[in-house]
Amino acid sequence: MTPKIAIIGAGPAGLTLASILYRNGITSTVFESDESPSARPQGGSLDLHPQTGQAALDACGLTPQFKKYARYDGQDLVLSDKHHNRLIQLKDTETGKPEIDRTQLRKILLDSLPEGVVRWNEHLVSATEETLTFKTHVESGFDLIVGADGAWSKIRPLCCYVTPFYAGITGIELVLNETSSKHSEISALVGNGSVFAMASDDGRGLSFQRNDNDTIKCYAWSRRPEHWVKDGGLNWENRAEVCAVLKKDFGDWSPELTRIIDECDNTPTPRPLYMLPVGIRWPSQKKVTIIGDAAHLMTPFAGEGVNMAMADGMDLAEAIIAQPDNIAAAIREMEPKMCERATGAAGIAWENTMLRFEPGGLKRTEDRFKRLFQKTQGKAGDDTH
Ligand SMILES: Cc1cc2nc3c(=O)[nH]c(=O)nc-3n(C[C@H](O)[C@H](O)[C@H](O)COP(=O)(O)OP(=O)(O)OC[C@H]3O[C@@H](n4cnc5c(N)ncnc54)[C@H](O)[C@@H]3O)c2cc1C
């Protein structure tokens with residue numbers, strides 16, 4: 001019997017799962033809130049790791065497509081202090097973790113599925129084990145419901161009542177377009193890869209990331225109270241007001257690094273970071289599971305979120321393919337593996353979240369990067385984010 005499977009969310013986790021299932025003769029239905037594939041920008045660049053993100057794409061049969069879009073020179077990396085003294089510089093070094101933009105990742109996963117598998121503009125409002133309630137209708141009769149619906153999953157409460165909590169750090173996203181012609185100094189500073197600039201004393205950081213399409217993204221990180229974005233008195237529609245606050249906060253940083261505040265092409269967007277507890281798990285359910293951020297939301301400072309999400313999609317697909325008539329057993333086998341793997345990654349992410357923003361954190365981050373590079377003989381470890 002082919003199981004009837006509902007996947008909530010067409011992010012990396014849900015699409016990986018749907019793609020591998022389809023390749024193996026099981027057509028699922030993916031319900032996605034977005035009105036269309038192009039309804040909103042998908043975000044920045046991601047490095048896919050060999051054992052997780054890349055292995056998952058391979059299981060989808062998408063390695064050639066990945067190679068077409070992967071940016072191998074995106075592995076260049078600089079760690080600097082706030083005066084732009086370069087402490088670590090990796091150039092033309094093969095770390096095994098090329099970058100790909102989220103938009104392209106979503107595109108290649110979507111292209112692997114036939115029309116109709118992803119149902120757009122389907123926002124899940126609530127769920128039970130038996131029914132999925134969308135804005136305009138109800139769906140039922142599924143053998144398996146998979147919550148791949150990210151941080152604020154509507155499916156998670158069917159597995160456990162744990163909710164995400166604020167991680168103490170808020171990023172403000174700055175974007176530069178047409179960088180080679182309009183922003184050539186910052187373009188040269190960022191090069192092909194990433195620049196992480198940290199202070200050892202003021203709880204702040206700037207991370208720059210080369211994206212495809214001559215674009216650069218930067219996050220200005222700071223320790224902030226949880227409701228600062230809403231209650232901090234800033235008008236987030238007012239670019240000049242937000243940039244003025246950023247310029248004050250980063251006032252004693254190198255102008256080479258902070259010129260992005262003046263030059264950014266967007267109205268800066270706040271990104272408060274939330275996470276689930278490191279080590280989260282739950283008793284397995286018979287016909288419901290959660291994967292990706294829905295299962296183990298973590299901060300981005302290990303660069304593992306998307307890799308974990310795709311590995312979860314792969315593991316769940318393989319478990320279902322191995323025993324399509326016994327969904328409960330497939331869930332039971334997959335979940336402990338997923339939770340153990342995510343616990344390791346989330347532990348690194350949390351350690352980095354504290355380390356990067358505490359006094360002395362820059363030095364310890366530098367030492368950590370160096371140890372990782374030495375240990376892997378020039379290959380970057382798993383937490384260079
Ligand atoms: C600022 C920032 C930077 C990051 N940088 C990195 C990085 O460099 N490397 C990395 O590995 N990870 C990074 N991450 C984490 C990464 O984005 C996530 O771990 C990854 O996207 C998780 O994939 P997912 O499929 O589980 O969830 P998502 O990507 O969140 O996808 C969930 C999907 O479900 C849909 N959805 C949500 N609710 C509903 C609903 N009710 N009904 C229907 N559909 C719904 C959403 O529209 C979305 O398409 C970053 C995160 C942030 C916030």
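Of the 32 residues around the ligand, the ones that come nearest are E32, R102, L124, D293 and V306. The model described here is a predicted one, and the points below take up the ligand surroundings, a record-based annotation, an open sheet and a pair of cysteines in turn.

**Ligand surroundings**

- R102, one of the residues that come nearest to the ligand, has a polar side-chain atom that lies 2.6 Å from an oxygen atom of the ligand.
- The side chain of R106 also has an N or O atom facing an oxygen atom of the ligand in the list of contacts, with 3.4 Å between the two atoms.
- For S33, the ligand atom concerned is a nitrogen, which is 3.1 Å from an N or O atom in the S33 side chain.

**Annotated domain**

- An unreviewed UniProt entry carries the annotation "domain: FAD-binding", and according to that record the domain covers two spans, residues 5–157 and residues 286–322.
- Within residues 5–157 the chain is 25% helix and 26% strand, while the C-alpha atoms at the ends of this span are 19 Å apart.
- Residues 286–322 are 59% helix and 8% strand, and in this span the end C-alpha atoms lie 16 Å apart.

**Open sheet**

- Seven strands form an open sheet with mixed pairing, and their order across the sheet is β5-β4-β13-β14-β15-β12-β16.
- The edges of this sheet are β5, which spans residues 86–90, and β16, which spans residues 269–275, and each of these strands pairs on one side only.
- From one strand to the next, the twist of the sheet averages 15°.
- Inside that order, strand β14 (residues 204–211) pairs with strand β15 (residues 215–223) in the antiparallel sense, over eight bridges.
- In this pairing, F208 stands opposite C218, a residue of β15.

**Cysteines and disulfides**

- The count of disulfides in the model comes to zero, where a disulfide would require a pair of cysteine sulfur atoms within 2.5 Å.
- C159 forms no such bond because its sulfur is 6.4 Å from the closest cysteine sulfur, that of C160, which is too far.
- C160 is likewise in no disulfide, since the nearest cysteine sulfur to its own is that of C159, at 6.4 Å.
- C159 is buried, with a relative accessible area of 8%, and C160 also counts as buried, at 10% relative accessibility, because buried means under 20% relative accessible area.

Notes. Residues numbered from 1 in each chain as written. Predicted model: local features only at pLDDT ≥ 70, side-chain atom pairs only at ≥ 80, totals over all residues. Heavy atoms only, no water. Buried < 20%, exposed > 50% of the residue type's maximum accessible area, 1.4 Å probe, protein only. Pairing = 2+ DSSP bridges. Helix = DSSP H or I, 4+ residues; strand = E, 2+ residues; numbered from the N terminus. Axes fitted to C-alpha atoms, helices over the stretch in contact; angles between N-to-C directions. UniProt positions renumbered as here; feature names shortened; annotations may be inferred. Near = heavy atom within 4 Å. Polar contact = N/O pair within 3.5 Å; in protein donor to acceptor, adjacent residues only side chain to side chain.
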